[in-house]
Amino acid sequence: MNNFKKVGLSALAGSLVATSAYAGEVTVAGGAGMFLEHINGGAANSGKSFSMSNQLTFTGGGELDNGLNVSISFVIDQGDGVTASTAPFDSHSVSVSSDSLGTIKMSGEGGSSASGAVDGMVSGDIWDAFQAAADEPEAAPGGSNGLFYTLPTVMDGVSAAISYAPKGTGYESSTAWNIVYSGVEGLTLTYAQGDDNSTDASEADHTVMKASYAYGPITVGYSESEYDDEVAAGDQSTEAYNIAYTISDDLSISYGSEELEFGVQSASQVAAEFERIKLTYTTGGMTLTASQSTGDNIDYSTTATKDQEVWALGATFAF
């Protein structure tokens, strides 16, 4: 009897392994980077510093008998700062999709709302390079255990998505949507709206508008993001533009500008302004960058010590 159990369990285990191997696969993609940065200006004059990045993304999935595709994604990113500065785990999600139904994704962590997914500035979020940039631009929440649904293609050049973040205790749920049009060669238009009800006393509306157009070697872009809070001190707005020139298939240069406003503008509360010129060279899976950036009023005040300059060199690798 014991021998029969062993044979049966071994056969079952082999069957499960064979079925899993046939139905799907797991792939790993990675990225890493090395950077040199020099910050000059005011109290944050920290001289030169080295830093690095590293990330592994595990993706697995397969097609079910009913035609649905199911996939999971799990990211390992050392020091991503989500849970702790040394935590190795980043975003993870599960997706179910088909050509006729579109794609629905649930993010256990690291998810985005439909408006937050498209609110990155066309200039590349220059503000993020400055130490004292105290307030990251807000968006409708996605976060943990939210749903993100990408609609199936109904018209060439048009894509759309909606998201839902469930309510917390005493709060309403938050929703968002976006639509992207790329039906004209070289032109991309984006519009998104969402609401942030995660704080009961400070509900907010989020609106994003973006446009970019490529003509020959030149690409120009413009973007706006408005976060309208019930409490005026929580209002935020960002405005950015960018122009890029492709010198060759491997080499390009760009200039970008950003302006960020937070709260009620006054003599002591002013917009932060950022500019950057950036040179990018790509070959194979390696990208080399050199940039020079300036930031004025980076803590949204007129304090002279809050004007900074940053130059940086970077090398990133995808594998």
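Let's start at Asp125, which sits in the loop between β5 (102-109) and β6 (146-150). This is a predicted model, and in it Asp125 has a positive phi of about 55° although it is not a glycine. The chain as a whole has one helix and 16 strands, and the points below walk through its backbone, its aromatic pairs, one buried serine and a nonpolar surface patch.

**The chain overall**
- Of the 319 residues in the chain, 29% are buried.
- Counting contacts between residues at least 6 apart in sequence, 48% join residues at least 24 apart.
- The chain exposes about 18200 Å², and carbon and sulfur atoms supply 57% of that area.

**Positive phi values**
- As background, most residues other than glycine have a negative phi.
- Asp125 is partly exposed, because its relative accessibility is 29% and the partly exposed class runs from 20% to 50%.
- Asn297 also has a positive phi of about 55° and is not a glycine either.
- You will find Asn297 in the loop between β15 and β16.
- Asn297 has a relative accessible area of 18%, so this residue counts as buried, the limit being under 20%.

**Aromatic pairs**
- The structure holds three aromatic pairs, and two of them are described here, starting with Tyr241 and Tyr255.
- The ring centres of Tyr241 and Tyr255 are 6.4 Å apart and the planes are at 55°, so this pair is tilted; the tilted class covers angles that are neither under 30 degrees nor over 60.
- This pair links distant parts of the chain, with Tyr241 in strand β12 (residues 236-246) and Tyr255 in strand β13 (residues 251-262), 14 residues apart.
- Tyr241 is partly exposed at 40% relative accessibility, and Tyr255 is partly exposed with a relative accessible area of 27%.
- Phe262 and Tyr300 make another pair, with ring centres 4.6 Å apart and planes at 55°, so this pair is tilted.
- Phe262 belongs to strand β13, while Tyr300 is in the loop between β15 (286-296) and β16 (308-318), so the pair joins distant parts of the chain that are 38 residues apart.
- Both Phe262 and Tyr300 are buried.

**Around Ser223**
- Ser223 is part of strand β11 (residues 218-229).
- With a relative accessible area of 4%, Ser223 is buried.
- The Ser223 side chain reaches the backbone nitrogen of Val122 at 3.4 Å.
- Beyond its neighbours within four places in sequence, Ser223 is in contact with Met121, Val122, Met209, Lys210, Thr238, Glu239 and Ala240.

**A nonpolar patch on the surface**
- Tyr213, Tyr215, Ile218, Val220, Ile243, Tyr245, Ile247, Ile253, Ile277 and Leu279 form a nonpolar patch, and together they have about 900 Å² of accessible area.
- The elements giving two or more residues to this patch are β10 (204-215), β11, β12 and β14 (272-283).
- Ile247, one of the patch residues, lies in the loop between β12 and β13.
- Ile247 counts as partly exposed, with 45% relative accessibility.

Key. Residues numbered from 1 in each chain as written. Predicted model: local features only at pLDDT ≥ 70, side-chain atom pairs only at ≥ 80, totals over all residues. Heavy atoms only, no water. Phe/Tyr/Trp six-rings, centres within 6.5 Å; stacked < 30°, edge-to-face > 60°. Helix = DSSP H or I, 4+ residues; strand = E, 2+ residues; numbered from the N terminus. Buried < 20%, exposed > 50% of the residue type's maximum accessible area, 1.4 Å probe, protein only. Polar contact = N/O pair within 3.5 Å; in protein donor to acceptor, adjacent residues only side chain to side chain. Contact = heavy atoms within 4.5 Å. Patch = residues over 30% accessible without salt bridge, like charges linked within 9 Å, V, L, I, M, F, W, Y side chains within 5 Å. Areas by Shrake-Rupley, 256 points an atom, 1.4 Å probe, with all protein chains shown as cover. Salt bridge = Lys/Arg side-chain N within 4 Å of Asp/Glu carboxyl O.
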